[in-house]
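Hi,

Here is the structure I promised to pass on. Have a look at it first, and then read my notes underneath.

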Number of protein chains: 2
Amino acid sequence: MSQWQRYLEQNQDQYLEDLLAFLRIPSISALPENAKDVQKAAEWVADRLRQAGVENVEILPTDGHPVVYGDWLHAGDKPTILIYGHFDVQPVDPLHLWTHPPFEPTIEGDRVYARGASDDKGNMLIPILAVEAMLKSEGTLPVNLKFCFEGQEEIGSPDLPKFMPQHKDRFIADLAVSADAGQYSETEPEILVGLRGICGIQIDVKGAKTDLHSGMVGGTIQNPTHALVQLLNTMHDQHGRITVDGFYDDVLELSDDERAAIARVPFDEEIYLEELGLEQTFGEPGYTTRERSWVRPTLEINGIWGGFQGDGIKTVLPNEAHAKITCRLVPNQDPGRILDLLQAHITQNAPRGVTITTKILGTRGKPYLVRADHPGNQAVSNVLRKIYGVEPYQVRSGGSVPITGLFMDILGLPTVAFGFGIKDENIHAPDEFFRLSSFRKGPDAYCQLLERLGEG
Amino acid sequence: MSQWQRYLEQNQDQYLEDLLAFLRIPSISALPENAKDVQKAAEWVADRLRQAGVENVEILPTDGHPVVYGDWLHAGDKPTILIYGHFDVQPVDPLHLWTHPPFEPTIEGDRVYARGASDDKGNMLIPILAVEAMLKSEGTLPVNLKFCFEGQEEIGSPDLPKFMPQHKDRFIADLAVSADAGQYSETEPEILVGLRGICGIQIDVKGAKTDLHSGMVGGTIQNPTHALVQLLNTMHDQHGRITVDGFYDDVLELSDDERAAIARVPFDEEIYLEELGLEQTFGEPGYTTRERSWVRPTLEINGIWGGFQGDGIKTVLPNEAHAKITCRLVPNQDPGRILDLLQAHITQNAPRGVTITTKILGTRGKPYLVRADHPGNQAVSNVLRKIYGVEPYQVRSGGSVPITGLFMDILGLPTVAFGFGIKDENIHAPDEFFRLSSFRKGPDAYCQLLERLGEG
């Protein structure tokens, strides 16, 4: 047993206490009223980095939520690894569907329930603990290390495209390792070879000066909710294919090899549907569910509202209606170009009798690909093979981590994923949880990865 | 000057105090949490009737909000008049658009601002004050009188179809006079010859067990908001004509005479648009704005919601979406039949991949017509002509007063309208107000109408 392994074993109880303290901070980046909690989480992370022996720890301001930086750069000509994660979390609504309080972490068996437990607080704390174990037990690290922890991932990192070029020198490295990541199952590892990109837009439809009486005025003017429905309905056909002009133009069609690689990753549609509580899948014709999730773009309404939502009836003709939309993008789509297409489509299909405006939502991420045979992914594969005893699956994710596009565009830095979330952990949903077994396994695995990266 | 006129003049200040007290009761029938306030308003009305000298005053329970009854039946073989009004009011949201507090009545010039000031508290208090003036000053009335004041008009009187037959004997009369009514302008009177009917339905779309991550799952399952948008979009064509199968089947087409009568009522589309803050009207092709409002049926979304509505972005794939719809109906449409057609249409056009259920909203009213030469309307015309010095317009209303259908179906009782609201008074909208001049004019006019009805 190595010295750092002994250190990890001896400090398990304290590490769990640390995790619970971190989870108690309601660092919801989407809600202005929680901005101070995001700041508090940044301070907690900075303190924890310093305690671990990380140097030059700083909370760096952005135009929105801050970034926490720290480094340890005493490994000479060894490579420099930039470890990434995020300390902000998703909102908790609908709160009434939680059976555990979201910010009072609850341990049940192998699970700790809390918002952010899996995405990403549990996962981002792991490399800090790994580094602490190595530094406290051996006094050194096998690589040079930098940390980049952000507080705005869940809102699409809107301020980082401006922030990152300003701090380019600080973050320069050889490889980024994202701790915002997971494994295929408790017994089967994976390496991540692709992520979808993202962009978002809000549509605001405005009618009369005020809400009106649906009897007096109904039938004589455009109802903003009708106009919104009509407009939104132009964006998909009834089979689920997106009908925004030009939307698919830049999409790279899948090669047979790529489709085969995707098909090799096990997927049980019955279990998928059972977990979701649904009877059938639905989506763009001509693609499997996995392909629809991993390599095909989407346009999803995240929210729609207008008029009366209370109990009973209110015979109002609403004077406003709204929708929030995000698109997931695949290689070689560009978020800026897709936003342009969306705005052109909205202008062209705007029903008459109302005023329609759009607002670009603060999220923009390019789709991202890192090949399985990239040296970073090879190192990750080696460590995972050793720990799990089986070959990792080569997976993509339907989700988006916009920072990976920035690392590539601004720092020329490829990103590999190394984390321990499992897909049943209700991220972005009520009763999010993280496995305590993953939280124990993670720091050990990170130490092995750093050793491996130090050899290469 | 008659004795009752003198009495009215002497009591103006007290009457205004009474109105303000009545307006302070937030008797919103749509909101369960205000049910006790609707009850309080019923008690206030019952007390005020007793104070006026009305006899046999009772608060009659229904399955929902109560009805207040009272009578004065000492006019021998004179006709029996049933005076109708309602003491419930609309909800106040969006509250932030009110510049006066909705339940703290504010007097500015000739206006008293409060929810319910015009619809219908100001108007329903008027006949009570008229009756008081006659009884206190002359000790008698020129007709037998009954009062029927309800507390659920704003939610479509859902419990009255059951209540009214149970109390048939109590309400039997020769003519109903509705104080839920208005005049064309401050200087031009009107008689009401038609009202639209109403029915309502809620659509609930359910997808997965919980809200989901729009990245992980997006593109692979039906999004309930997409399904709702697709379904709602099948209900109108892009010109505003309703496309629910069979919807127009029972509608009586307008005769040339009827169109001409409607065209005789002045209407300035520019002023209409300016008041609404809009640049164009919109509606079923082939009809004027007036015709669309008065004699053509509608299907309006009153509310739509699903997913995230907060600031910023939440990349959720919502698991629920909802819409509330009401239809305004014209002669010879039947609310029950229209609800059947809607449900059949929804079943037939339900997108796959989600579960769609419907709930009939508690409002159902038949469209209603009373000819201009009906003796009741003739009496109303005579009084209005005397007061205003001009011939009343023959108008219809796009609104619905479901009780008028019940009075006809169950009591065989025609209803004429006699009230003093003006259409700019923001009913069902922020900053509702009533004119103090109307509140002074009203009781005098009601005394004249009762005298006239006693003669005929």
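Below is what I found, going from the chain contact to the shared sheet and then to the helices and domains.

First, some housekeeping: this is a predicted model, in which local features need pLDDT of at least 70 and side-chain atom pairs count only at pLDDT 80 or more, while totals for chains, interfaces and linings use all residues. Residues are numbered from 1 along each chain as its sequence is written, and chains are lettered from A and ligands numbered from 1 in the order in which they are written.

Start with the two chains: 84 residues of chain B are in contact with 84 residues of chain A (contact means C-beta atoms, placed from the backbone, within 7 Å). The largest share of chain B's side, nine residues, comes from β11(B). By class, that side has 30 nonpolar, 42 polar and twelve charged residues (Ala, Val, Leu, Ile, Met, Phe, Trp, Tyr, Cys and Pro count as nonpolar, Asp, Glu, Lys and Arg as charged, and the others, Gly among them, as polar).

β11(B) also turns up in an open sheet of eight strands, in the order β14(A)-β9(A)-β13(A)-β11(A)-β11(B)-β13(B)-β9(B)-β14(B), with antiparallel pairing. (Strands are DSSP runs of E, at least two residues, and helices are runs of H or I, at least four, numbered from the N terminus; two strands pair if DSSP finds at least two bridges between them.) At the edges, β14 (355–365) of chain A and β14 (355–365) of chain B each pair on one side only. Where do the chains join in this sheet? Five bridges link β11 (298–307) of chain A to β11(B), running antiparallel, and A:Trp305 has B:Trp305 as its bridge partner. Within chain B, β9 (197–206) and β13 (320–329) pair over ten bridges; B:Ile198 is matched there with B:Arg328.

Now the helices. In chain B, α4 (117–138) and α14 (436–455) pack at about 55 degrees, with their axes 8 Å apart, and are therefore oblique to each other (neither under 35 nor over 145 degrees, nor 65 to 115). Their contact residues divide into eleven nonpolar, two polar and no charged.

Finally, the domain assignment of chain A gives domain 1 (3–195 + 368–455) and domain 2 (197–251 + 297–365); the bounds come from an automatic or database assignment. Their centres, taken over C-alpha atoms, are 35 Å apart. Eight residues of domain 1 and nine of domain 2 make the contact.

Cheers

How values were computed. Axes fitted to C-alpha atoms, helices over the stretch in contact; angles between N-to-C directions.
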